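Subject: Handing over the structure

Hello,

Here is the structure I promised to pass on to you. Please open it first, and then read my notes alongside it.

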Amino acid sequence: MACMSVLRRDEAQLRAEILDVHRYTIELDLTTGEETFDSRTVIRFTARSDGDTFVELKPASLRTVTLDGQPLDPETLDGNRLALKSLTAGEHELRVDAAMRYSRTGEGMHRFTDPTDGETYTYTQLFMEDVQRVFAAFDQPDLKAVFELTVTAPEGWTVLANGITEHVGGGRWQAAPTPLISTYLVAVAAGPWHSVRTEHRGLPFGIHCRRSLAPHLDADAEEILTVTRACYDRYHEKFEEPYPFDSYDQAFVPEFNAGAMENPGLVTFRDDFVYRSAVTDTERQTRAMVISHEMAHMWFGDLVTLKWWDDIWLNESFAEYMGYQTCAEATRFTDTWTEFGVSRKAWGYDADLRPSTHPVAPEAVDDTAAALLNFDGISYAKGASALRQLVAWLGEKDFLAGINIHFQRHKFANATLADFIDSLAAATERDVHAWADAWLRTTGVDTLTASTDTRPGQWTLTLDRDGHRPHRVTVGVYDRDLADGRTLTLRERYETDVPQDGAAEPRPGIRPALVVPNDLDLTYAKIRLDETSLETVLRGLSGIPDAITRAVLWNTLRDMVRDGDLAPGDYLETVAAHLPEETDLALVQGVLTFAGAQVADRYLHPDRRPAALSTLTALCRDLLRRTEDGDNPGLRLTAVRHCIDSAAHPDTIAAWLADGTVPGGPELDPELRWRILGRLAVLDATDESAIAAELERDPSATGQEGAARCRAALPDADAKRTAWDAMFAGDELSNYLFTATAQGFWQPEQADLLADYVPRYYEAAIALAARRGPAIAEAAGRWAFPAHAIDADHLRLGEACLRDGDVLPALHRKLADQLDDLARALRVREA
């Protein structure tokens, strides 16, 4: 067969002009073996005029095709396209009978056998263009149709789908027909699921996981369902259009590539969210936010769907914003925007400063391969930040009014950016079209630089803007508490526009100790403080009262390190000075992650890395001492994790592993045991026999991943060779086992041992991506990249390979970003 073709925008537009697709009737048989399943599809559609078109599918074998009862030659399948030539205007029926391959990469119909109990599960992930791996389709988002599915599954299995399913006997399950939805939103999950079912407002709710995780799902079921009910109720307060589907199932599925997928009526989540080990409250908050995010998609993405992939931000930015905002409003997790500021927003800033940056709403997404690259920090975090700024500028009342107009106009249909802006414009007198041009059609991060002028009895703040967007910001003004000299107290907050109309107005009083532009983090911009304020932050960050303000300032220091304006060592000193006093867990986790993975591992010269690790270890031990009373288990768990990660010597953590506990707690659960064993492997303080023994103790899927990570981390030539061959020479590793192996392979402590693999990486990764496709390509670029090798020769090598090689777009984008980060690390070291 010829190579697979991506769908171009012009092809999709032409097909949408020709076709009106009514209904898919799909029969899947999951009982035909471990490699393939049977797929029979009937598509009923109308041709509006005479002409040629095509249908997409990627079969293992194509048995028969008939159009209006007349057979078509299966041999005419060209790659993933079957031509439908000389269609006449009118009604048509296409029938396709094929065998389709199961996936081990999280694409199409993924098949997983649980090593804990031998049970098998399958589920679909059809996003972008992977529906073709499961059934024949006119695969583009603006050809919505009704989908009616029947699935034959082994005895003892349960089948979940977009609509309510019924077992009709003989292993056959019938799903209720869907409303009009896009092809990429069809979903099936089949297996011996453990399920917890309930109802809310007359609607069936269910949560599902594989049987081996049943005790862990049961332990958290009430929390998950409480969040689900609260978000459901809050969205019905916000949105006039009721929930548009007949049920709401949430399936936690194995080896899932994303965090979750918004399939209408059947949201799929990575089953890491079924916690089998201790987690922090911030991680529980993240799970709640993802639940909220995916539910927002039921309206924005599923009810109203983008017309083409250039408007992916209409899905993801909206759901990201609503996920955080609704979680904060409706659940016990009221501080979600702090976590957004320190982690998600940083993701957006990083993406927006790379050469691969793109507008939130790009105008030229020519095909599906290009569209797939835009699921990044810009479409999610920057887009959500832009919407948060829009709400600050527009007012929430008008914003929600515009949203409800949009739902009413386009429900069960498709819409564009222009449609969305027109809906907002109908609800306000503000010029939202100009706002959209400035915020959604441009790239890059604005920088707001503060300067102050002081005169007797008054002071003036000037905010200079390096950029082109209008900003509505809240300025925080702080004084030192005279009683202790360390605490900062809020004098006032006031709103201002950047750029301002006219000169800045003087404000009464003495010059404050600290002035924070964007104090409540309502806009998307880098901040540069005036000299006095920066000194106050470096000396007194922990004395600032509000966590959201501290998030803005930690992000400012992070940006300064990345831009070469603050020495990495000075950042670490600030971390050591102020993090022990930090009370917000999301900030502790975010700051420690940047300090370890970026500052210690990449930005500091290797000669200084041991001292940096020593600083982080001492900090974590300080946190452990401060949490001995057990009042803050989340902070203690965070400190334990980072103490393990920064350990330069094995003795302490090896003793923890031998004892099965950290003195004073916690006892070691599987996650901590594998974490310690992985670090001991890096430090050459364990061996294969210990890894095998741990795997026997924990033979779960997570244990298999832990063992793969540990084995790849051993500083042994044979172990490295075996891991390399598993990643790049064979195709047996699933997506999760590939990632785990890659995470263990490259280690800064093992630079000499790994030196010969760095130049081999590019050719191997390019060949792997071409062979195994986008999901593994993305993993190879993200996790298997030699990020520890910060040197000019590596940069030149990587740039030459990108310039001269034929690289799959998913890998090309990832490598371009990695090389830009490498160049930045080199600049930081030089500075």
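Let me begin with a strand pair: β11 and strand β14 (residues 188–191) run antiparallel and are joined by 4 bridges. Within that pair, alanine 161 has valine 188 of β14 opposite it. Strand β11 itself covers residues 158–161, with Thr158 and Leu160 pointing one way and Val159 and Ala161 pointing the other way. Buried or exposed, what are these four? All of them are buried.

Before you go further, please keep in mind that this is a predicted model.

**A small sheet**

Next, have a look at the open sheet of 3 strands, whose order is β25-β24-β27 with antiparallel pairing. Which strands stand at its edges? They are β25 (488–498) and β27 (514–516); each has a single partner strand, so one side of each is left without a neighbour in the sheet. On average, neighbouring strands here are turned by 20 degrees against each other, direction ignored. Strand β24 (residues 471–480) runs antiparallel to β25, and 10 bridges join the two. One place to see this is histidine 471, whose bridge partner in β25 is valine 498.

Valine 498 is worth a second look, as a cis peptide bond joins it to proline 499, with omega at about 0 degrees. Proline 499 is in the loop between β25 and β26 (507–508).

**More backbone details**

Some background helps here: most peptide bonds are trans, and most residues other than glycine have a negative phi. Besides the bond just described, you will find a cis peptide bond between glycine 665 and proline 666, where omega is about 5 degrees. The loop that holds proline 666 lies between α17 (651–659) and α18 (670–682).

As for phi, aspartate 68 is not a glycine, yet its phi is positive, at about 55 degrees. You can find aspartate 68 in the loop between β4 (61–67) and β5 (70–72). Its relative accessibility is 39%, so aspartate 68 counts as partly exposed. Asparagine 518 also has a positive phi, near 60 degrees, and is a residue other than glycine. The loop between β27 and β28 (526–528) is the place to look for asparagine 518. Why does asparagine 518 count as buried? Because its relative accessible area is 1%, and buried means under 20%.

**Helices around α12**

Now for the helices. Helix α12 (residues 547–562) packs with helix α14 (residues 585–603) at an angle of about 5 degrees, and their axes are 11 Å apart. The two are therefore roughly parallel. From α12, the residues Ala547, Arg550, Ala551, Trp554, Arg558, Val561 and Arg562 meet Leu587, Val591, Phe594 and Tyr603 in α14. By type, the residues of this contact of α12 with α14 are 8 nonpolar, no polar and 3 charged.

How does helix α11 (residues 531–540) pack with α12? The angle is about 105 degrees, with the axes 11 Å apart, which means that α11 is roughly perpendicular to α12. Leu534, Val537 and Leu538 of α11 make this contact with Leu553, Leu557 and Met560 of α12. The contact of α11 with α12 has 6 nonpolar residues, no polar and no charged.

**Two buried residues to visit**

The first stop is alanine 319 in helix α4 (residues 312–330). Alanine 319 counts as buried because its relative accessibility is 0%. Leaving out residues up to four places away in sequence, alanine 319 touches His293, Ala296 and His297. Between alanine 319 and methionine 295 there are 8.1 Å in space, C-alpha to C-alpha, and the two are 24 residues apart in sequence.

The other stop is asparagine 414, in strand β21 (residues 413–415). With 13% relative accessibility, asparagine 414 counts as buried. Which backbone oxygens does its side chain reach? One belongs to proline 141, at 2.9 Å, and another to threonine 305, at 3.5 Å. Neighbours within four places in sequence aside, asparagine 414 is in contact with several residues, including Pro141, Asp142, Lys144, Ser182, Leu306 and Asp419.

I hope this gives you a comfortable way in.

Best wishes

Key
Residues numbered from 1 in each chain as written. Predicted model: local features only at pLDDT ≥ 70, side-chain atom pairs only at ≥ 80, totals over all residues. Heavy atoms only, no water. Buried < 20%, exposed > 50% of the residue type's maximum accessible area, 1.4 Å probe, protein only. Polar contact = N/O pair within 3.5 Å; in protein donor to acceptor, adjacent residues only side chain to side chain. Contact = heavy atoms within 4.5 Å. Axes fitted to C-alpha atoms, helices over the stretch in contact; angles between N-to-C directions. Parallel < 35°, antiparallel > 145°, perpendicular 65-115°, else oblique. Nonpolar A, V, L, I, M, F, W, Y, C, P; charged D, E, K, R; others polar. Pairing = 2+ DSSP bridges.
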